[in-house]
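Reader: Please walk me through how the chains of this model meet. I would like short answers that I can check on screen.

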Amino acid sequence: MGCIQSFRQCCDQPKNTNVRISLPAVCFVWQLAMIILFGFFIRYNAESDVHWKQENKNISRSDIENDFYFRYPSFQDVHVMIFVGFGFLMTFLKRYSFGAVGFNLLIAAFGLQWALLMQGWFHSLDPMDGKIKIGVESMINADFCVASCLIAYGAVLGKVSPVQLMVMTLFGVTLYAVEEYIILNLIHARDAGGSMVIHTFGAYYGLSISWMLYRPNLDKRLNGSVYHSDVFAMIGTLFLWMFWPSFNSAISYHGDGQHRAAINTYLSLAATVLTTVAISSLSQKAGKLDMVHIQNSTLAGGVAVGTAAEFMLMPYGSLIVGFCCGIISTLGYIYLTPFMEKYLKIQDTCGIHNLHAMPGVIGGIVGAITAAAASEGVYGKEGLKTVFDFTGKWENMLPTQQGGHQAAGLCVALCFGIGGGILVGCVLRLPIWGDAPDDHCFDDELYWEVPEDEESIPPILEYDNHIRNQAGKNSHFSMEQSRN
Amino acid sequence: MGCIQSFRQCCDQPKNTNVRISLPAVCFVWQLAMIILFGFFIRYNAESDVHWKQENKNISRSDIENDFYFRYPSFQDVHVMIFVGFGFLMTFLKRYSFGAVGFNLLIAAFGLQWALLMQGWFHSLDPMDGKIKIGVESMINADFCVASCLIAYGAVLGKVSPVQLMVMTLFGVTLYAVEEYIILNLIHARDAGGSMVIHTFGAYYGLSISWMLYRPNLDKRLNGSVYHSDVFAMIGTLFLWMFWPSFNSAISYHGDGQHRAAINTYLSLAATVLTTVAISSLSQKAGKLDMVHIQNSTLAGGVAVGTAAEFMLMPYGSLIVGFCCGIISTLGYIYLTPFMEKYLKIQDTCGIHNLHAMPGVIGGIVGAITAAAASEGVYGKEGLKTVFDFTGKWENMLPTQQGGHQAAGLCVALCFGIGGGILVGCVLRLPIWGDAPDDHCFDDELYWEVPEDEESIPPILEYDNHIRNQAGKNSHFSMEQSRN
Amino acid sequence: MGCIQSFRQCCDQPKNTNVRISLPAVCFVWQLAMIILFGFFIRYNAESDVHWKQENKNISRSDIENDFYFRYPSFQDVHVMIFVGFGFLMTFLKRYSFGAVGFNLLIAAFGLQWALLMQGWFHSLDPMDGKIKIGVESMINADFCVASCLIAYGAVLGKVSPVQLMVMTLFGVTLYAVEEYIILNLIHARDAGGSMVIHTFGAYYGLSISWMLYRPNLDKRLNGSVYHSDVFAMIGTLFLWMFWPSFNSAISYHGDGQHRAAINTYLSLAATVLTTVAISSLSQKAGKLDMVHIQNSTLAGGVAVGTAAEFMLMPYGSLIVGFCCGIISTLGYIYLTPFMEKYLKIQDTCGIHNLHAMPGVIGGIVGAITAAAASEGVYGKEGLKTVFDFTGKWENMLPTQQGGHQAAGLCVALCFGIGGGILVGCVLRLPIWGDAPDDHCFDDELYWEVPEDEESIPPILEYDNHIRNQAGKNSHFSMEQSRN
């Protein structure tokens with residue numbers, strides 16, 4: 001602990017935010033590395049390879065039974081969540097919308113390539129030829145993996161440079177792939193919607209990094225929203241909210257598995273909205289609602305129902321999960337975020353602790369309980385096997401055991417998140433990454449060519465009159481006028 | 001009539017817009033009620049239950065034949081229409097964007113839960129165990145039901161409190177479920193895209209409520225758009241416009257039914273755009289277009305083709321419907337909306353009479369005519385049975401009779417809309433709901449914590465200079481400056 | 001050349017931007033013509049006709065094998081690209097957002113109807129009854145055809161009247177249909193994602209028109225963005241970026257064809273983002289990113305992988321294509337666009353030369369090389385036939401020959417684009433179309449009723465004080481204040 005503190009201090013040096021060498025270098029070199037690695041390792045899988053057509057004819061399957069048609073609509077919904085959902089959710093800051101959508105796009109585009117490789121090595125390496133075989137499910141999993149890094153971005157939004165984000169994504173994806181392999185394959189926990197694997201890991205990864213990068217003198221003048229930026233952020237909120245059923249059902253098993261996961265998520269999210277509104281209104285003197293809560297806490301139900309979405313959670317079970325998460329997440333924004341900043345020295349720009357960390361942990365617990373409570377009466381003998389994948393060496397596993405494995409999975413996600421975040425945080429404190437000084441955070445000016453201010457557009461027709469009218473006045477004053 | 005007027009006056013008392021008790025209470029209690037009712041009544045249907053897998057194997061159906069894969073992509077499109085489409089369409093007001101997207105989300109999230117119950121009791125109660133069995137089609141129908149309440153919201157936008165909206169939604173969903181049962185099941189009218197069931201009912205429900213809540217002294221300073229809010233509203237317009245084919249085809253029968261409904265709607269909407277532009281340009285002195293028309297009237301063709309979308313309307317038939325509706329709807333905005341406000345005392349914020357009421361009625365009539373004109377020559381003997389569902393006790397029904405039933409359905413929708421709206425309007429006039437006083441309508445300040453104005457963000461780099469320059473002037477003036 | 005120049009001068013007459021007669025006339029008459037032509041020619045195809053149900057039962061196909069379920073999700077994604085993607089991408093100008101989304105909607109709605117007819121006559125005319133049979137694939141193709149005209153719109157954005165746009169679309173769609181028929185049917189080139197047919201043609205069509213309409217005295221005060229308009233434009237960028245895999249796979253053959261096209265596009269786009277960021281940062285003094293590059297060049301990989309998307313391009317091949325296009329497209333914005341304006345007299349508002357023209361040509365070349373390099377070893381004997389459609393009279397074609405045909409196709413697209421653009425440009429120079437004078441370009445005021453400025457909204461609560469404070473000052477000054 002002490003050593004972390006001293007490391008922290010030794011890294012605090014004057015800032016140079018020029019990334020003209022480092023950013024292009026990172027982008028070029030890493031993209032070239034991707035091309036080379038893809039050349040060595042990545043090929044189409046059986047269902048996206050041209051030979052599928054022929055094999056398919058031999059076994060008289062219909063074209064529509066290609067996995068593409070089971071999963072592609074969900075993939076596109078997930079894709080929208082990653083790029084528009086996460087991207088626009090972060091545009092709420094008054095002067096960081098370019099950074100929010102732009103860097104979100106950058107790190108997601110890099111992360112998904114690296115995720116295809118990392119996840120491929122762990123999950124879909126073909127032992128015959130040593131190649132990773134990719135298809136639509138790989139693309140969904142890559143997007144999922146990227147999601148955890150974008151969640152982490154939420155904690156450090158406005159305080160890091162794009163180069164730091166790239167580094168954070170490189171390590172984040174790597175850690176994710178290892179953690180996912182341990183949780184899903186070694187521990188044999190189930191996590192269709194990623195409450196543990198994506199949200200818990202991603203959130204604690206980001207929070208730990210934010211803790212390592214603590215800025216005691218952070219200037220908060222730009223750490224807030226304006227009217228329009230809040231409306232932009234609602235675009236992100238709504239696309240996340242609407243497509244979350246696709247997120248949680250995207251990689252469930254075909255048929256009723258995907259069907260049930262979508263229903264459970266749909267219901268949980270609906271319940272969350274009502275309790276979020278209730279707590280938000282209660283918390284203000286005049287009962288007014290706070291946009292921050294509506295933008296974020298309404299999504300907590302989707303996070304928390306992730307693990308159990310494909311289980312027989314029952315519609316009312318989903319509502320209960322959503323009900324609780326709306327309350328907890330909104331209370332988190334009201335009480336916990338200021339507390340964490342003041343006493344734990346964790347500056348969490350987007351409040352990911354309330355939206356991802358707590359609901360993710362709840363989701364892991366709900367998953368463990370639901371799994372432990374599973375019975376042949378509800379699932380049927382076949383159903384238990386399918387839902388919990390009791391096959392191969394896990395053939396004789398019992399639901400109660402599975403509940404324990406789920407809980408173990410949650411612990412692994414927590415450890416990887418916190419531990420990984422602290423390590424990566426150390427790396428990111430090196431004074432070479434071009435991050436912003438404390439009094440220029442949350443400002444697009446640092447890394448973007450920002451156009452002149454909107455208020456300075458005079459309608460052309462009135463422009464000349466305006467100039468003429470102003471001409472008689474003293475020059476300082478007319479400049480003031482035209483700037484407004 | 002006289003009694004309604006006197007009731008109206010007796011309710012006019014000083015306003016208290018604090019909803020800190022009522023809003024959380026309504027949200028909590030109703031959500032708890034939902035959980036209890038879901039616990040008693042709602043279960044997964046055969047295709048989302050874990051036993052489907054097993055039964056499915058027995059009868060050798062492919063997983064892809066789960067209803068989920070027929071309808072889920074359409075469901076997600078409908079979902080986007082409900083939350084982004086309706087939500088953003090209403091952001092056109094200069095200071096009511098939070099209320100537009102926020103309350104839209106709130107009432108839709110509540111309404112869909114209540115709709116699953118109400119529609120379930122009428123349509124999918126399993127006689128074996130007394131449970132409602134839900135699947136992807138139930139979710140679409142719940143979204144449809146909510147749409148009618150969101151249409152009604154358009155008429156009273158900016159003039160009601162969130163508590164009133166919740167009450168309006170509670171009754172609206174209830175009335176919808178009854179009306180839908182009467183029209184579809186008792187009268188045996190067909191209405192795939194809901195021209196009658198959703199649009200006619202929802203619009204007249206909202207207009208009647210708006211009539212009951214008439215505000216003679218309404219302050220209109222904020223009842224208008226600004227440049228950016230009009231662009232935000234176009235997000236809503238476009239997502240409604242693009243996904244309307246999914247809306248009208250979402251619950252059509254599998255195969256060519258869905259296919260045809262999508263084509264008809266696609267064409268009708270295209271034709272509407274051209275006539276809307278034509279009338280909008282004609283109506284202005286210099287031929288300039290009015291954003292209100294483009295935002296709204298371009299959608300009228302989708303409404304009007306709703307009932308007949310799955311019939312053999314023929315591509316040119318769809319174009320004709322769209323052609324007429326673009327004209328009628330735009331003329332409605334130009335002439336009818338001011339007339340209704342002045343003479344009929346109906347204040348219709350979004351002009352739902354032009355976008356939903358008239359096109360909905362036209363849609364009902366088109367449906368009746370198309371059904372009455374159906375012949376075995378066009379449909380084939382089998383086709384008639386499938387399209388108009390001439391099975392069971394309706395086996396010997398003739399197309400001409402069906403036309404009559406369609407017309408009867410339209411009347412029922414009208415009656416429920418107007419009658420229900422007047423009744424609910426009475427309830428909403430009670431002075432306990434926290435609605436806005438006449439001079440504070442269309443203002444987010446009442447129910448939202450609104451961030452400081454955008455114009456007051458000084459770019460950080462110039463901030464200090466700005467302060468220094470202002471310091472010498474008198475304090476009142478400099479405050480004026482910085483507020484601008 | 002000289003004759004073009006003299007024609008250009010003779011058309012330069014004073015401008016009248018009133019379109020109150022011409023725009024409604026064009027919309028009405030052309031829409032009526034569409035209805036009549038649709039009445040004569042357009043019918044449902046086998047899969048959207050009510051008889052499909054019956055025929056389907058006879059041959060025991062499942063409903064899910066209707067082409068609707070193969071293509072409708074992709075169609076909706078393409079639809080979003082056309083209306084939200086292209087529409088919002090063009091909202092980046094500070095005062096042309098209405099024109100961007102509004103005219104985009106208008107010309108797309110007209111263009112898709114005309115495209116259904118034009119493409120229908122060439123491709124799906126039923127020889128039995130002389131009717132065009134449409135289904136979901138026709139709708140996708142119509143959207144594709146419209147895309148080429150929307151690309152062309154990008155070059156002349158802000159400089160033409162809506163009537164000119166309608167004329168441009170009428171001719172554009174006509175030329176497209178002929179060119180597409182020549183390239184796909186006569187030359188037998190493959191072009192699933194339309195690198196040649198859509199992007200190359202559309203871009204050179206627009207650039208040639210822009211060259212013909214060159215404005216030496218163009219006022220550029222409004223030819224730039226503001227902060228919010230750049231964020232709006234990112235909505236367009238992201239929806240294009242995310243749904244491009246659906247665009248390139250929408251009309252590929254069922255099964256692995258669509259699957260592979262989606263994967264290739266997904267990867268190519270990801271690589272493009274990284275090199276775009278790299279070049280954009282390198283090109284600025286302080287390494288700051290330029291929003292114009294992020295908004296546009298990140299999409300170049302999707303364009304360039306269009307033709308080869310369904311081929312066995314291999315994942316690393318897609319990355320290489322994306323890598324190169326990000327570099328070339330961004331360099332184009334930095335060096336080529338100013339050069340073209342200064343020396344070639346081509347004013348390209350959106351920089352379509354960098355986003356569509358160059359990547360389109362690259363796409364055509366990549367397609368030719370990939371086709372020429374195809375071998376039975378990679379594709380299998382069956383695979384070659386399926387992917388390159390070596391059937392009928394093309395049965396004995398070799399991959400190397402196919403490569404030549406692809407190159408020939410690219411030339412045809414170029415010729416049609418440039419030649420067609422010059423001809424249509426001549427027509428558009430006639431002084432009857434109501435286009436803007438040079439000093440009023442890029443301004444919504446000309447064709448739209450623009451609401452009062454945003455800055456003039458005083459929060460109601462402070463409004464009265466504001467008025468009172470201002471009352472003592474001279475009237476001119478207070479008007480100045482309230483306008484700001």
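**Contacts within and between chains**

Author: Start with a single pair: the side chain of A:His79 makes a polar contact with the side chain of A:Asp143, at 2.6 Å. Keep in mind that this is a predicted model.

Reader: Where does A:His79 sit, and is A:His79 buried or exposed?

Author: A:His79 lies in helix α4 of chain A, residues 67–89. The cut-off for buried is under 20% relative accessible area. A:His79 has a relative accessible area of 1%, so A:His79 is buried.

Reader: Which residues does A:His79 touch, apart from those up to four places away in sequence?

Author: One is A:Asp143, the partner in the polar contact. The others belong to chain C: they are C:Trp241, C:Met242 and C:Tyr266.

Reader: Which three residues supply the most of the area that chain C buries against chain A?

Author: Take the whole contact first: 89 residues of chain C meet 90 residues of chain A. The buried area is about 8,000 Å², and carbon and sulfur atoms give 70% of that area. A share of 11% of what chain C buries there, more than from any other three residues, comes from C:Tyr227, C:Tyr266 and C:Leu274.

Reader: How many salt bridges, and how many residue pairs in polar contact, are there between chain C and chain A?

Author: The rule for salt bridges finds 0 across this interface. For polar contacts, both residues must be at pLDDT 80 or more, and the count is 23 residue pairs.

Reader: Which helix gives the largest share of the side of chain C that touches chain A?

Author: Several helices of chain C each supply at least two residues, among them α4 (67–89), α9 (227–249) and α10 (256–282). By class, that side has 48 nonpolar, 22 polar and 19 charged residues. The largest share is 19 residues, and it comes from α10(C).

Reader: How many residue pairs are in polar contact between chain C and chain B?

Author: Here 90 residues of chain C meet 88 residues of chain B. The side of chain C that touches chain B has 52 nonpolar, 19 polar and 19 charged residues. Salt bridges between chain C and chain B number 0. Residue pairs in polar contact, both at pLDDT 80 or more, number 22.

Reader: Which residues touch the most other members of the largest nonpolar core?

Author: That core has 506 residues. Leaving aside neighbours within four places in sequence, C:Phe239 is in contact with residues including A:Val80, A:Phe239, B:Phe239 and C:Met81. The residues that touch the most other members are A:Phe239, B:Phe239 and C:Phe239.

Methods:
Residues are numbered from 1 along each chain as its sequence is written. Chains are lettered from A and ligands numbered from 1 in the order in which they are written. Side-chain values use heavy atoms; hydrogens and water are left out. Contact means heavy atoms within 4.5 Å. Buried area is the accessible area (1.4 Å probe) that two parts lose on being put together, summed over both. A salt bridge is a side-chain nitrogen of Lys or Arg within 4 Å of a carboxyl oxygen of Asp or Glu. A polar contact is a pair of N or O atoms within 3.5 Å; within protein, one must be able to donate a hydrogen and the other to accept it, and residues adjacent in sequence count only if both atoms are side-chain atoms. Helices (H or I, at least four residues) and strands (E, at least two) are DSSP runs, numbered from the N terminus. Ala, Val, Leu, Ile, Met, Phe, Trp, Tyr, Cys and Pro count as nonpolar, Asp, Glu, Lys and Arg as charged, and the others, Gly among them, as polar. A nonpolar core is a set of buried Ala, Val, Leu, Ile, Met, Phe, Trp, Tyr and Cys residues joined through side-chain atoms within 4.5 Å. Buried means under 20% relative accessible area, exposed over 50%, partly exposed in between (1.4 Å probe, protein chains only).
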